[in-house]
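Visitor: I should like to understand how the terms applied to this protein are justified. Please take me through the reasoning.

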Amino acid sequence: MFKKTLILIMATSLTLLAYSDYDMDGVEDNVDKCPNTSFNELVDIEGCTIKVLGNEHHFSIIYGIGLSEADYATVKNSDTLTQSLQVDYYYQNFSLQASTSYYDSDEESGLNDTFIGAYYKLSPSNKLTLRIGGGVLLPTYDTELENNNMDVVASASFSYMVEKINLFGGYSYTMVNDDDILGIVSYQDTHSYSGGAGVHASSNLYISGYYTISDSVYKDADEIETLSLYAFYSIDANWFTTFGYSHGLSDSASENSLTLRLGYYF
């Protein structure tokens, strides 16, 4: 900002001898009550912001395809191909998210439950970011038992920067409201914990690794433990892609799982 201002001052030095407008908003410094407005701010006659020019509303659309060696709907080892669609809306520190997916396994195929949620980001410092959120899982998964109901999800996560290293962790709680069927299936609320570290390998590439442990939605089932690798690559100002690989550490987890997603941000 200083360099830009200096160049402009040098280029117009003769004019500035008689007229001084440091923030170049069209209001002379000696009457400017808001002397440091930026170039994208529309000001009133006193030099104070009326409106910030430019769109503060942003969106992203992400399509994904994944392959795993377990069908979590049936808790069986079965090659499962999943296609997903996610839409996000961003406004300042607030965001909305909607996502759904379609699975195709050796046993069956159909829609998974659909997620709709909201998040809010807090930044107590330049290095620390907190994110809290909540949402619902709509019962779009078609079960023969006809006992699928809407579940409720709450989550919290943090991200802390140490030079180029990003440390992060998160917790989520799901209130499972599906109906138990006596002698057939019994459900429970779930807790999920994750933690890991990432690095910005370049201006376009971010890589991370993390550990996750989560309850199964089924009572008396083993916890689901995984180790994962994740990569985010920015293709240009709008397009991006992500890659994920997870290895199961428990018998209840898929031994191997791959996910590839392509997104557009605008």
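Guide: The following exchange sets values against definitions for a predicted model.

Visitor: Why is Thr 242 called buried?

Guide: Thr 242 has a relative accessibility of 6%. Because buried means under 20%, Thr 242 counts as buried.

Visitor: Where is Thr 242 placed, and with which residues is Thr 242 in contact, leaving aside neighbours within four places in sequence?

Guide: Thr 242 belongs to strand 14, residues 239-248. Apart from those sequence neighbours, Thr 242 contacts Tyr 230, Ala 231 and Phe 232, as well as Thr 259, Leu 260 and Arg 261. Across the 266 residues of the protein, 27% count as buried.

Visitor: Why is Ile 61 called partly exposed?

Guide: The relative accessible area of Ile 61 is 40%. Buried requires under 20% and exposed over 50%, so a value in between is partly exposed; Ile 61 is therefore partly exposed.

Visitor: What makes Ile 61 eligible for the nonpolar patch?

Guide: Patch residues need over 30% relative accessible area and no salt bridge. Ile 61, at 40%, passes the area cut-off, and Ile 61 is listed in the patch together with residues including Phe 59, Tyr 63, Leu 81, Phe 243 and Leu 260. The patch has about 1000 Å² of accessible area together.

Visitor: Which strands each supply at least two residues of the patch?

Guide: Strand 3 (57-68), strand 4 (80-91) and strand 15 (256-265) do so. Strand 3, where Ile 61 is found, gives the largest share, 5 residues.

Terms used. Residues are numbered from 1 along each chain as its sequence is written. This is a predicted model: local features need pLDDT of at least 70, side-chain atom pairs count only at pLDDT 80 or more; totals for chains, interfaces and linings use all residues. Side-chain values use heavy atoms; hydrogens and water are left out. Helices (H or I, at least four residues) and strands (E, at least two) are DSSP runs, numbered from the N terminus. Buried means under 20% relative accessible area, exposed over 50%, partly exposed in between (1.4 Å probe, protein chains only). Contact means heavy atoms within 4.5 Å. Patches are made of residues with over 30% relative accessible area and no salt bridge: like charges are joined within 9 Å, nonpolar side chains (Val, Leu, Ile, Met, Phe, Trp, Tyr) within 5 Å. Accessible areas come from the Shrake-Rupley method with a 1.4 Å probe; for residues, only the protein chains shown count as cover. A salt bridge is a side-chain nitrogen of Lys or Arg within 4 Å of a carboxyl oxygen of Asp or Glu.
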